[in-house]
Amino acid sequence: MSDPMNVLAPEHRRLRIGDAWRDAAGGATFAVEDPATGKTIAEVADAGAVDGLAALDAASKAMAEWAATPPRKRSELLTATYRVLTERSEEVARLITAEMGKPLAEARGEVAYGAEFFRWFAEEAVRVEGRYNTAPAGGYRILTVPRPVGPCVFVTPWNFPLAMGARKIAPALAAGCTTITKPAAQTPLTMLFLARIMEEAGVPPGVVNVVTTRRAGEVVSALLADRRTRKLSFTGSTEVGRVLLRQAADNVLRTSMELGGNAALIVCADADLDVALDGAMVAKMRNLGESCIAANRIYVEEPVREEFTARFAERMGALSVGHGLDDGVDVGALIDEASVTKLDELVADAVDRGARVLVGGERPDGPGHFYPPTVLVDVPDDARMLEAEIFGPVAPIISFTSDDEVIAKANDTEHGLAGYVFTRDLQRALRFAEGLETGMLGINRGLISDPSAPFGGVKQSGIGKEGSHEGILEYLDVTYVAIDLP
């Protein structure tokens, strides 16, 4: 297999600040590992607070000119980014697999998904509108003027290293904002490559800045404490989201938060089981289960529980595990050893409480951070995996006997990001849609992510929406102007 690192020159493994690729202050670097082997594949710059503030300097200096750039021009630059990213999709996909571990087919899907955000928001850039109307009482006119919020700080996760950055950068640029992105330390290379692609596409210096670091707390805290920062968007755990919200409160920043999930997937007795099985495999195993919207708890109505479980376990057991760049691999490496240990502990806890393992359940010998697709049954309500975000290829199956029962169980969590229901009864589907406390719901569908749809949760799963028309509104303030006109 060719070396994916050949696509990212050494000079582009540094910080992207303003018009330059530069070393971190003091020259510090850190290693990026291939999770399938544990071997170092690159060294990147390890930024400190001073570097983060340098990126904010660049974003602030570029802000006025970028905000004044005609929407059509901003749209054309986003379209150019889409085109270059699509043309280089194979290179980007191989880089994603190398640093994150997902199979190459999954990485290709992520590139296609991420690129669509640039195309979608290129179209939204020219559709930002205000309004003009007569005040209800007469005597004056009301004018509303949308304006970019200002420099934005993005903290992105490792599980979708391209798409999660694209989902934030594209609407921000469409709205006229400049950006500083702090990618996850496990997967900084993809974001650096995206910055290089946007440079090639003609995006002006200072509009897109990338700061890689292992000292996330130090760098992000400095950025949020600076009054020039006007927006924070974070994708990650609820625990970290709470910390960032507290910090953002000091300067009353606009915030978007896409936080943890605990999605319930519900299979009703009247469902088409072939459709339900296909949907469950996608909802559970997309991105190895390392997804905030992955099916975390699978509830199956008692009359079809035995058949569904047997067929689902058979399909899970047939998946091949290996290096994501190898041919025929369905399940790649998890991101790190801590993820494997977490799965081991969750499975052991469930078994100790009475659950049975049908497939998997034991990590393989050898190098790399691998865990096999695993199915458990007879999982009791007090098992930790029903409350924790599993974030891996482990699927607990729980039976239910009534809609009220399963809705209550599905809602018994602090999270409310996504859910899935499989039924052929339209009225039943609508009752679930109204009863489940989620920001997103798939009906007879296991894949719900789409740049044209509003992505986001309720309860402690987040604030705000990404994607769709709602996504650009997160980056716009509205000025109201009262005009005297008797």
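**Cavities and pockets in a predicted model**

Colleague: Which five of the 14 residues that line the second largest cavity lie nearest its centre?
Modeller: This is a predicted model, where local features need pLDDT of at least 70, side-chain atom pairs count only at pLDDT 80 or more, and totals for chains, interfaces and linings use all residues. Residues are numbered from 1 along each chain as its sequence is written, and side-chain values use heavy atoms, with hydrogens and water left out. On a 1 Å grid over the protein atoms alone, a cavity is a set of points where a 1.4 Å probe fits but cannot get out, and lining residues have an atom within 4 Å of a point. Nearest the centre here are Phe-160, Met-164, Arg-167, Cys-292 and Phe-455.

Colleague: How many charged residues are in that lining of the second largest cavity?
Modeller: Asp, Glu, Lys and Arg count as charged; Ala, Val, Leu, Ile, Met, Phe, Trp, Tyr, Cys and Pro as nonpolar; the others, Gly among them, as polar. The lining has seven nonpolar and four polar residues, and the charged ones number three.

Colleague: Which elements give two or more residues to the lining of the largest cavity?
Modeller: The lining of the largest cavity has 18 residues, and Ala-410 and Ala-418 are among those nearest its centre. Helices (H or I, at least four residues) and strands (E, at least two) are DSSP runs, numbered from the N terminus. The elements giving two or more residues are strand E12 (263–267), H12 and E17.

Colleague: Is Leu-417 buried or exposed?
Modeller: You can find Leu-417 in the loop between helix H12 (403–411) and strand E17 (418–422). Buried means under 20% relative accessible area and exposed over 50%, with partly exposed in between (1.4 Å probe, protein chains only). Because Leu-417 has 1% relative accessibility, it counts as buried.

Colleague: Which element gives the largest share of the lining of the largest pocket?
Modeller: A pocket is an open set of points with protein on both sides within 12 Å along at least five of seven lines. The largest pocket is lined by 38 residues, with Trp-158 and Phe-234 among those nearest its centre. Six residues, the largest share of this lining, come from H8.

Colleague: What is the volume of the second largest pocket?
Modeller: Strand E3 (residues 29–33) gives the most to the lining of the second largest pocket, four residues. Grid points are joined across faces, edges and corners, and a volume is the space filled by probe spheres set on the points. For the second largest pocket, the volume is about 200 Å³.
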